[in-house]
Amino acid sequence: MLNSDRISSLFWLAAGIGITLLSIKYDFGNFLSPGAGFITFFAGALLSLLSLILFISSGKKRGPQSDLKALWKGLDWKKVVYILILLFIYTLVLKPLGFLIGTFLLLIFLFKVKGSYSWWKVLLLAFLITSGAFLLFQVWLKVQLPKGVLEGMI
């Protein structure tokens, strides 16, 4: 009987191959001027490669097979609901607050779910991740992120 890793890896392998093949019909461009098919081609290829690695490595596993119930055993449903609520609120406040403030606040609340980080570490991680994402998307990739209340400042 196939374990859940093997089944899911076959699904993602098929999805990755499909994405890769469908992206070929779009303009590929080059590394300096990527076309519409550039990112989708490499994303599909990477998905295919990783799912193939998972398929191969899951075949080498020996021992008792776990069922679906074992996957959910010990899950803290309060944290799951809390995170879902946080993500819903984030979608509501992203535009009015802007990417920087909204993402910074979201990360603070998400890191506090873990509960074992000190406040200075939470603030530092939230700042570094938000700044890195801003630099990557807004500055380097030129993606227009919502500015919110910081409209005139950035």
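The legends below describe close-up views of a predicted model.

**View 1. Aromatic rings around Phe28 in the predicted model.**
A search of the whole structure finds seven aromatic pairs, and one of them joins Phe28 to Phe38 in a tilted arrangement, with the ring centres 5.3 Å apart and 55 degrees between the planes. Because Phe28 lies in the loop between helix H1 (4–23) and helix H2 (36–59) whereas Phe38 lies in helix H2, this pair ties together parts that are 10 residues apart in sequence. Phe28 is partly exposed, with a relative accessible area of 32%, while Phe38 is buried, with a relative accessible area of 11%. Phe28 also pairs with Phe41, here in an edge-to-face arrangement with 5.5 Å from centre to centre and 85 degrees between the planes. As Phe41 belongs to helix H2 and Phe28 to the loop between H1 and H2, the pair ties together parts that are 13 residues apart in sequence. Phe41 has a relative accessibility of 24% and therefore counts as partly exposed. Ring pairs link Phe28, Phe38 and Phe41, together with Phe42, into a cluster.

**View 2. Helices H1 and H2 where their axes cross.**
The axes of H1 and H2 come within 7 Å of each other and cross at roughly 155 degrees. Angles over 145 degrees count as roughly antiparallel, and H1 and H2 are therefore described as roughly antiparallel to each other. The crossing of these two helices, H1 and H2, is left-handed.

**View 3. Two positively charged side chains placed over aromatic rings.**
In one part of this view, Arg6 lies over the face of Phe55, at 3.9 Å from the ring centre. In the other part, Lys112 lies over the face of Trp119, at 4.6 Å from the ring centre. Lys112 and Trp119 are also among the residues that make the contact between H5 and H6, with Lys112 on the H5 side and Trp119 on the H6 side.

**View 4. The packing of helix H5 against helix H6.**
H5 and helix H6 (residues 119–140) pack at an angle of about 140 degrees, and their axes are 9 Å apart. This angle makes H5 oblique to H6, and H5 passes H6 in a right-handed crossing. On the H5 side the contact is made by Phe99, Leu100, Thr103, Phe104, Leu107, Ile108, Phe111 and Lys112. The residues that H6 contributes to the contact include Trp119, Val122, Leu123, Ala126, Phe127, Thr130 and Phe134.

**View 5. Phe104 and the residues that surround it.**
Phe104 is found in helix H5, which spans residues 99–114, and with a relative accessibility of 25% Phe104 counts as partly exposed. When residues up to four places away in sequence are not counted, Phe104 touches Phe99, Leu123, Ala126, Phe127 and Thr130. Leu123, Ala126, Phe127 and Thr130 are among the H6 residues that make the contact with H5, and Phe99 takes part in that contact from H5. The C-alpha atoms of Phe104 and Leu128 are separated by 9.2 Å, although these two residues stand 24 residues apart along the chain.

**View 6. The backbone at Lys142.**
Lys142 is placed in the segment after H6. Although Lys142 is not a glycine, this residue has a positive phi of about 60 degrees. Lys142 is exposed, with a relative accessible area of 64%.

Technical notes:
Residues are numbered from 1 along each chain as its sequence is written. This is a predicted model: local features need pLDDT of at least 70, side-chain atom pairs count only at pLDDT 80 or more; totals for chains, interfaces and linings use all residues. Side-chain values use heavy atoms; hydrogens and water are left out. Rings of Phe, Tyr and Trp (its six-membered ring) pair if their centres lie within 6.5 Å; planes under 30 degrees apart count as stacked, over 60 as edge-to-face and the rest as tilted. Helices (H or I, at least four residues) and strands (E, at least two) are DSSP runs, numbered from the N terminus. Buried means under 20% relative accessible area, exposed over 50%, partly exposed in between (1.4 Å probe, protein chains only). A charge sits over a ring if NZ of Lys or CZ of Arg is within 6 Å of the ring centre and within 35 degrees of the ring normal. Contact means heavy atoms within 4.5 Å. Axes are lines fitted to C-alpha atoms, for helices over the stretch in contact, and angles run from 0 to 180 degrees between N-to-C directions. Angles under 35 degrees count as roughly parallel, over 145 as roughly antiparallel, 65 to 115 as roughly perpendicular and the rest as oblique. A crossing is left-handed if the near helix is turned anticlockwise from the far one by less than a right angle, and right-handed if clockwise.
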